[in-house]
Amino acid sequence: MANASTGDVWGQYASQLLQTVTTGQFDPSKQGMNFASANLSVDLGNSDPDVVNEYIYQIGNAIPAASPSYTPQSDLVSSYQVFLDNIDLGGDTNPNLDSQINIAASSMNTAQTNYADVQGKAITGWTQYKQIAPNITFPAYVQSQYPTYIQARNALSASTSKWQQLMTQKYGAGYEVIAQARDMLSVSSGANDITLQTPYNMGVKTGTIAPAGSTPVLPGATPATPASSLISSFAPAFSIDGFTQKYQEWQTASASGQTGQVIKFDSSSTAESWNHFGWSASGSGGFDDWFVDVEVQHSSSSDTHTFDYKNQAFSFEAAFTGLGAFMLTPGKWFQRGLIQNYHNKLLKNAPDFFGPNGSLGRIPTQAIIGFEPKITLTLSHSDYQYMNSVFKSETTTSINIGPFSIGSAHHSYYANKTDVQFHDDSNTIVIGPVKSTLPLLLGVISEKMVFDGSGTVAD
């Protein structure tokens, strides 16, 4: 890796990850691969399917920016809805319809804003009311204690229906197809209904769970269920295919101490261009300006240490108990064919949907999930001595190696300082594998929604 830069090292990590999880089944002209620059724990193995659903929703709904570094830019549900609202099918040319549509749209937007405000207050009220009625559901609460929520939802449904009627009149009978698609997203019996199960949403739970053993128990008493702040609701449906079975296999492998996929590179590896991952980005590809870093909080030192990645001693290896790419699929509320058919039939001044930075420019199709990596890092003697000395002398220091954070820094971390082993004889640092039930989101593969003149996704 002659004249290796930080971007080159990130590129090597990304290249090895890409090769391992796709086995060559990746087309950079039609796909993009985004890599997490910080480890993201995703509790996809939780025993509660609604907790799992919330993580699936967050991953599948986040449309990444046009950069190798995984940074959510927009969300699929709202971007798709705005796309439907901007389809132009032609229709009644009466210019007086425009004013009526504007009035109806204003009423709908006002109703939407009011509904969002009332919804937030209703959820807060329900959470507080559960202190005296723990088993009351949200629909039961709003029926008996907060009818304003139902009124606000009905007002939004009525104003939306009026707007849709006028849009059908102006833009043609074909708009009924679009109206039906929009109904699938509605806050009443659609994907965005947070109160009731519909064909287009799924149950989710958000919040925190107190760890087992956190509730004091008297000798001989039955342990109480730990208190939690989980809130049940519904979110637009997504699925992640094949993960549950694979996760069970990973847990079995963890229990028996088996290792699965391994990614590794060293100073002699050839750096990949970011074009290899479906991007035209140059330099570091949007990653941080480090691959190996030591972080010291409240340190009086202003010195920074530059690690030598082109030193012949440098090497990195991550041996995962489990690693794979899993298909992400939106629910029935999302109709890809409508995008294919109407991407070039939009209203004047419609937002940018399908440009490189468009809100629908990429749709997540696969999640890259890792489980229990054992990280082995070999450094030059001077780099190793620096890291060893600083890490052991500062109690608030963490190590960052690629996307993996080790220590107790202000951000999330993969392992504790006690999981780190220093080997002076080989200038090698070994972390883990840390036994855990939490998989890690390492990146996302997306389909590029950039169309050519024939109406198909461009190569």
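Tutor: A residue is called buried when its relative accessible area is under 20%, and with that cut-off in hand we can read this predicted model.

Student: Is Phe83 buried or exposed, then, and what value decides the matter?

Tutor: Phe83 has a relative accessible area of 0%, so Phe83 counts as buried. For the chain as a whole, 49% of its 459 residues are buried.

Student: Where do the buried nonpolar residues gather, and how many belong to the largest core?

Tutor: In soluble globular proteins, nonpolar side chains tend to be buried together. Here the largest nonpolar core has 77 residues, and Phe83 is among those with the most contacts inside it, as are Tyr80, Trp333 and Ile339. Helix 4, residues 96-129, gives this core its largest share, which is ten residues. A second core, separate from that one, has 48 residues, including Val9, Leu18, Ala318 and Val434.

Student: Which residues does Ile339 touch, leaving aside those up to four places away in sequence?

Tutor: Its partners include Tyr80, Phe83, Phe354, Met449 and Phe451.

Student: How should I read a pair of aromatic rings?

Tutor: Such a pair is described by the distance of the centres and the angle of the planes. The whole structure holds 34 aromatic pairs. In one of them, the rings of Phe35 and Phe277 have centres 5.3 Å apart and planes at 85°, and because an angle over 60 degrees counts as edge-to-face, that is how this pair is classed. Phe35 belongs to strand 1, whereas Phe277 is in the loop between strand 7 and strand 8, and the two are 242 residues apart.

Student: What are the distance and the angle for Phe83 and Phe354?

Tutor: Their centres are 5.7 Å apart with 75° between the planes, which is again an edge-to-face pair. Since Phe83 lies in helix 3 and Phe354 in the loop between helix 9 and strand 10, the pair ties together parts that are 271 residues apart in sequence. Phe354 also counts as buried, because its relative accessibility is 12%.

Student: How can I check the length of a helix, taking helix 6 as the case?

Tutor: The expected span is 1.5 Å times one less than the number of residues. Helix 6, residues 147-171, has 25 residues and should therefore span 36 Å, and its end C-alpha atoms are indeed 36 Å apart, so the two values agree. After helix 6 comes Gly172, whose phi is positive, near 105°.

How values were computed. Residues are numbered from 1 along each chain as its sequence is written. This is a predicted model: local features need pLDDT of at least 70, side-chain atom pairs count only at pLDDT 80 or more; totals for chains, interfaces and linings use all residues. Side-chain values use heavy atoms; hydrogens and water are left out. A nonpolar core is a set of buried Ala, Val, Leu, Ile, Met, Phe, Trp, Tyr and Cys residues joined through side-chain atoms within 4.5 Å. Buried means under 20% relative accessible area, exposed over 50%, partly exposed in between (1.4 Å probe, protein chains only). Helices (H or I, at least four residues) and strands (E, at least two) are DSSP runs, numbered from the N terminus. Contact means heavy atoms within 4.5 Å. Rings of Phe, Tyr and Trp (its six-membered ring) pair if their centres lie within 6.5 Å; planes under 30 degrees apart count as stacked, over 60 as edge-to-face and the rest as tilted.
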